[in-house]
Every structure is written in structure tokens, then in C-alpha cells.
Amino acid sequence: MMQMTFELSDSVTLLFDFWDVQGPAGMLLTVFVVFLLTVFYEVLKVWRVWIGVKTKMAKHQAMYAYPPSARCDNNSVLENSPSESSLTPIDPPPSDPNRHSFLIHVLQTILHLLQVSLGYMLMLCVMSYNFWIFIGVVIGSTLGYFISFPLIDQI
């Protein structure tokens, strides 16, 4: 039967059989690794949000950046203007926006896979019922949130 109460032990087997911690030095290193994984988890959440917001902003800007005459392939822009020299050069719209959207979707899917996997691994670490591991996850989550969420305001 598995233990269901927190303990202050310096020995624990974490996630895999080969991650067998014995002694204070091993526990300190393990808590530090779990702490870093938790900080990375929080940064990963914000990174996914940041990519999504930037992608939506880029789509919105691209939609309204070009006048209707620049979005289609007709030469009526020069014919309707009073002077050819008064026109400013307009960059052509991106060649294949669907490919870019697909690549962003693939990137976000991979980041989601990493986030879910890491989240479940951290949950299993906490379920070892070792107090030191639990404290490492809680402090890592707090620091990760403190560092990464103000970055959302920079969007």
C-alpha cells in the first residue's frame, strides 16, 4: 500500500526506478531539478499565450495593412491615381498565409504536448508525498508565475 501522508524524509524514488534519492545532497539536487522544471512549466504556459496573441495580432494587421486594390492582382491602382509619383511602394501580401498558420498551429501543439506532459510529471512528483519535493514545486510555480506573467503585459 502506498503512503498517503507527507513525510520529511531525505529518501524517495521519484517518477522512475533510476531516480532513487538517498541522503540530503541527493534530495537538495532533486528539489532543485523539480524547482527548475516547475519554473519552466510556468514560462511555457505564458509562451503559448504570447505566441497565440502575437499570431492573432499579425493576422489582424495583415488583413488591414493592404488596401483592397493591393490584395488582388489588378493594375487599376495606377490608372485610378492622379499621379504615379504620388504612390508609395506597397509590399505585396504574404504569399501563403495558410502555411504560416499551419506552422504556428504545429508549434503550439508541440508546446501543448510539452506543457501537459510536464504538468503530469510535476503532479506525480507531488504525489510522492515528500514534503521537500512539494515545497520545490510550490516555490517553483510561484517564482515562475512571478517571472513570466508580467511578460504578458509586454504584448
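Helices are DSSP runs of at least four residues, numbered from the N terminus. The exercises below apply this to a predicted model.

**Exercise 1. State which elements the protein chain contains and in what order they run.**

*Solution.* Step 1: the protein chain holds 5 helices and 2 strands. Step 2: read from the N terminus, the order is β-β-α-α-α-α-α. Step 3: the strands are β1 (11-13) and β2 (20-22). Among the helices are α1 (residues 24-65), α4 (97-126) and α5 (residues 131-148).

**Exercise 2. Determine where in the protein chain confidence is lowest and where it is highest.**

*Solution.* Step 1: begin with the chain as a whole, whose mean pLDDT is 81, with 74% of residues at 70 or more. Step 2: turn to the elements. Helix α2 (residues 68-71) has the lowest confidence, a mean of 52, while helix α5 has the highest, at 95.

**Exercise 3. Locate the salt bridge and describe the positions of its two residues.**

*Solution.* Step 1: a search of the whole structure returns 1 salt bridge. Step 2: its partners are Lys45 and Glu42, whose closest N and O atoms lie 3.2 Å apart. The cut-off for such a pair is 4 Å. Step 3: consider the sequence. Because Lys45 and Glu42 are 3 residues apart in helix α1, about one helical turn separates them. Step 4: consider the charges. Side chains of opposite charge can pair when their charged atoms come close. Step 5: decide whether each partner is buried, for which the limit is under 20% relative accessible area. Glu42, at 6%, is buried, whereas Lys45, at 25%, is partly exposed.

**Exercise 4. Identify the elements that contribute two or more residues to the largest nonpolar core.**

*Solution.* Step 1: the core has 13 residues, and those touching the most other members are Leu14, Val21, Met27, Val34, Leu122, Cys125 and Ile133. Step 2: two or more residues come from each of α1, α4 and α5. Step 3: α1 supplies the largest share, 4 residues. Step 4: take one member as an example. Beyond residues up to four places away in sequence, Cys125 touches Leu14, Leu15, Val34 and Ile133.

**Exercise 5. Show which residues Thr38 and Val31 of helix α1 contact when neighbours within four places in sequence are left aside.**

*Solution.* Step 1: place both residues. Thr38 is in helix α1, and Val31 also lies in helix α1. Step 2: check their accessibility. Thr38 is buried at 2%, and Val31 is buried at 18%. Step 3: list the contacts. Thr38 meets Leu122, Gly136, Val137, Gly140 and Ser141. Val31 meets Trp132, Ile133 and Gly136. Step 4: compare sequence with space for one pair. Val31 and Trp132 are 101 residues apart in sequence, yet their C-alpha atoms are 6.6 Å apart. Step 5: set this beside the whole chain. Of contacts between residues at least 6 apart in sequence, 72% join residues at least 24 apart.

**Exercise 6. Describe the surface of the protein chain and the nonpolar patch that includes Ile110.**

*Solution.* Step 1: the accessible surface amounts to about 11100 Å², and carbon and sulfur atoms account for 67% of this. Step 2: of the 155 residues, 25% count as buried. Step 3: the patch consists of Phe102, Leu103, Val106, Ile110 and Leu114, which together have about 450 Å² of accessible area. Step 4: look at one patch residue. Ile110 belongs to helix α4 and, at 46% relative accessibility, is partly exposed.

**Exercise 7. Explain why the phi values of Leu15 and Tyr129 deserve attention, given that most residues other than glycine have a negative phi.**

*Solution.* Step 1: recall the general rule. Most residues other than glycine have a negative phi. Step 2: examine Leu15, which is not a glycine but has a positive phi of about 65°. Leu15 sits in the loop between β1 and β2 and is partly exposed at 30% relative accessible area. Step 3: examine Tyr129, where phi is positive and near 60°. Tyr129 sits in the loop between α4 and α5 and counts as buried at 17% relative accessibility.

Conventions. Residues are numbered from 1 along each chain as its sequence is written. This is a predicted model: local features need pLDDT of at least 70, side-chain atom pairs count only at pLDDT 80 or more; totals for chains, interfaces and linings use all residues. Side-chain values use heavy atoms; hydrogens and water are left out. pLDDT is the predictor's confidence in each residue, from 0 to 100. Buried means under 20% relative accessible area, exposed over 50%, partly exposed in between (1.4 Å probe, protein chains only). Contact means heavy atoms within 4.5 Å. Accessible areas come from the Shrake-Rupley method with a 1.4 Å probe; for residues, only the protein chains shown count as cover. A salt bridge is a side-chain nitrogen of Lys or Arg within 4 Å of a carboxyl oxygen of Asp or Glu. A nonpolar core is a set of buried Ala, Val, Leu, Ile, Met, Phe, Trp, Tyr and Cys residues joined through side-chain atoms within 4.5 Å. Patches are made of residues with over 30% relative accessible area and no salt bridge: like charges are joined within 9 Å, nonpolar side chains (Val, Leu, Ile, Met, Phe, Trp, Tyr) within 5 Å.
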